[in-house]
Every structure is written in C-alpha cells, then in structure tokens.
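New notebook page, new structure. I want to find my way around before I trust my eye, so I'll look things up piece by piece.

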Amino acid sequence: ERSLSMARAFGHPYIEREQLVSRFPGPGSMLGYAGEVMGIPSVISEIGGAGFSPGLEESWIETNVSGMFGVMQELGIVEGPAPCLDRYLMIEKTHRVNPSVGGYLHPELSEDRLMSEVHEGDLLGRVISPHTFEELERLTAPVDGRLYLISRPYPVNPGDWAFGVVDNAYATWES
C-alpha cells in the first residue's frame with residue numbers, strides 16, 4: 001500500500017503493479033532486498049530512453065523530476081501536497097515484443113504513439129537484414145492493448161528490447 005501511494009504521488013497516469021520480490025528481478029535485487037528484508041516500500045520510474053527526439057526526451061526528464069518531487073512530498077521530505085490525479089490506469093499484465101533474430105529494427109509506429117491503443121496483430125516493427133535489406137521478422141501486437149514501450153530504429157540482437165504492450169484484459173482505470 002505504501003508503494004502504491006508513492007506511485008500515485010509520482011503523478012503519472014499509468015501504474016504497473018509488479019511483484020519485484022517474487023518475480024524478475026527477484027529478492028536478490030536492490031528493491032527486492034529492500035522490500036523483503038528491510039520492509040522498505042519502493043517505486044520505479046521506467047519513463048525515458050535515448051535516441052528519441054530531443055523534445056520527447058526533455059519531456060521524459062521533466063516527468064521524472066516532477067514525479068520525484070511528488071514522491072518526496074508524499075514522504076514528507078519536501079513540503080507541500082503530493083499531486084493526485086483523478087484516475088490512474090492500473091496495469092497488471094504486459095507483453096514484451098522483442099526480435100528473435102538480429103538485424104536492424106525498423107519501427108512502424110512513430111514515437112508519439114506511446115500509450116496509444118493497438119490491436120492484436122497490428123504491425124509494430126520489422127527486423128531488416130542490414131546486408132540484403134530483406135525483411136527477417138515482423139513484430140506484431142500479441143493482444144489488444146496500449147503501447148507502453150516503443151523503440152527507436154537501431155541494430156538489434158535476438159531478445160533486445162523493442163516493444164511492450166499493456167494487456168487491456170488486465171488493465172483498469174481506478175480513482
């Protein structure tokens with residue numbers, strides 16, 4: 001509950017509930033140890049990335065700084081009321097869509113599509129051979145949902161991060 005109140009105070013409309021102690025990365029991680037052994041609540045901001053447009057990267061920095069101040073207000077470290085949104089999308093399940101082959105990842109969606117709706121089977125990106133320019137793999141949305149992780153074009157190895165889709169069947173808006 002304390003971690004959830006900190007996540008709400010971060011002021012971002014999307015909150016993913018994770019089991020960081022019992023699942024990845026597990027009790028050997030810093031957050032897992034803090035939570036399981038020390039009883040210390042925690043939150044993680046996974047907002048940002050490199051290689052995107054400067055305006056988008058700047059907005060991510062502003063979101064993270066503002067969110068950190070909100071958490072500090074919630075904890076009483078900084079004076080003032082923590083921000084509270086009218087509603088939050090509570091996310092229970094996500095799907096990573098990563099290449100199974102190496103090549104050059106060509107996203108089919110622009111970076112401004114982050115958190116937009118996608119439908120099962122929608123083309124998210126393609127892996128192209130840098131040698132022959134042949135399409136090696138098509139990356140598609142596995143379920144109806146929202147695009148929570150989006151990639152920029154870059155050379156990839158099998159399993160590298162590419163896209164993430166929030167599963168609509170496991171996401172609800174809450175006040």
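Which residues does arginine 8 touch, not counting residues up to four places away in sequence? I looked that up and got Ile15, Pro83, Tyr88, Glu174 and Ser175. Note to self: this is a predicted model.

**Entry: around helix H1**

Arginine 8 is in helix H1, residues 2-10. I checked its relative accessible area and found 19%, so it counts as buried, the cut-off being under 20%. Arginine 8 has buried neighbours in the helix: Leu4, Met6, Ala7, Ala9 and Phe10 are on the H1 list too. I then asked what the buried residues of H1 pack against, and found strand E1 (14-16), helix H3, strand E2 (88-91) and strand E11 (171-174). After H1 comes glycine 11, with a positive phi near 85 degrees.

I also went over to H3, where asparagine 64 sits. Asparagine 64 is buried, at 17% relative accessible area. Leaving out residues up to four places away, its contacts are Phe10, Ser45 and Ile47. Phe10 is one of the buried residues of H1, so I jotted down asparagine 64 as touching that helix, given that contact means heavy atoms within 4.5 Å.

**Entry: salt bridges**

How many salt bridges does a search of the whole structure find? The search gives 8. Arginine 8 turns up again here, in a network with Arg17, Glu92 and Glu174.

I zoomed in on arginine 17 and glutamate 92, whose side chains meet at 2.8 Å, N to O. Arginine 17 is in the loop between E1 and H2, and glutamate 92 in the loop between E2 and E3, so this pair ties together parts 75 residues apart in sequence. Both residues are partly exposed: arginine 17 has 30% relative accessibility, and glutamate 92 has 41%.

Another pair is glutamate 108 with arginine 126, where the closest N and O atoms are 2.6 Å apart. Glutamate 108 belongs to the loop between E4 and E5 and arginine 126 to strand E6, which puts them 18 residues apart. I noted 35% relative accessibility for glutamate 108 and 22% for arginine 126.

**Entry: strands**

I followed arginine 126 into the strand pairing. Its bridge partner is histidine 106. Strands E4 and E6 run antiparallel and are joined by 4 bridges. Strand E4 (residues 103-107) also pairs with E9, again antiparallel, over 3 bridges. There, tyrosine 104 stands opposite proline 155.

Which order do the 4 strands of the open sheet follow? I read off E3-E10-E8-E5, with antiparallel pairing. E3 (94-97) and E5 (117-118) stand at the edges with a single partner strand each, so one side of each has no neighbour in the sheet.

At the E5 edge, 2 bridges join that strand to E8 (residues 145-149). Glutamate 117 stands opposite arginine 146 there, and their side chains also form a salt bridge, 3.6 Å from N to O. One is in E5 and the other in E8, so the pair ties together parts 29 residues apart in sequence. Glutamate 117 is partly exposed at 37%, whereas arginine 146 is buried at 16%.

**Entry: the core**

The largest nonpolar core has 19 residues, and Leu105, Leu124, Leu139, Leu147, Phe163 and Val165 touch the most other members. H3 (54-74), E6 (123-128), E9 (154-156) and E10 (163-167) each supply at least two residues of this core. A reminder I wrote in the margin: nonpolar side chains tend to be buried together in soluble globular proteins.

I picked leucine 147 and listed its contacts beyond four places in sequence; among them are Leu124, Phe163, Val165 and Met115.

**Entry: odd spots**

Methionine 115 has a positive phi of about 70 degrees without being a glycine. It is in the loop between E4 and E5 and is buried, at 13%. Phenylalanine 133 also has a positive phi, near 65 degrees. Is phenylalanine 133 buried or exposed? With 66% relative accessibility it counts as exposed, and its place is the loop between E6 and E7 (135-140).

Last lookup: Tyr33, Val37, Met38 and Ile40 make a nonpolar surface patch of about 400 Å². Valine 37 lies in the loop between H2 (30-36) and H3 and is partly exposed, at 47%.

Note on methods
Residues are numbered from 1 along each chain as its sequence is written. This is a predicted model: local features need pLDDT of at least 70, side-chain atom pairs count only at pLDDT 80 or more; totals for chains, interfaces and linings use all residues. Side-chain values use heavy atoms; hydrogens and water are left out. A nonpolar core is a set of buried Ala, Val, Leu, Ile, Met, Phe, Trp, Tyr and Cys residues joined through side-chain atoms within 4.5 Å. Buried means under 20% relative accessible area, exposed over 50%, partly exposed in between (1.4 Å probe, protein chains only). Patches are made of residues with over 30% relative accessible area and no salt bridge: like charges are joined within 9 Å, nonpolar side chains (Val, Leu, Ile, Met, Phe, Trp, Tyr) within 5 Å. Accessible areas come from the Shrake-Rupley method with a 1.4 Å probe; for residues, only the protein chains shown count as cover. A salt bridge is a side-chain nitrogen of Lys or Arg within 4 Å of a carboxyl oxygen of Asp or Glu. Two strands pair if DSSP finds at least two bridges between them.
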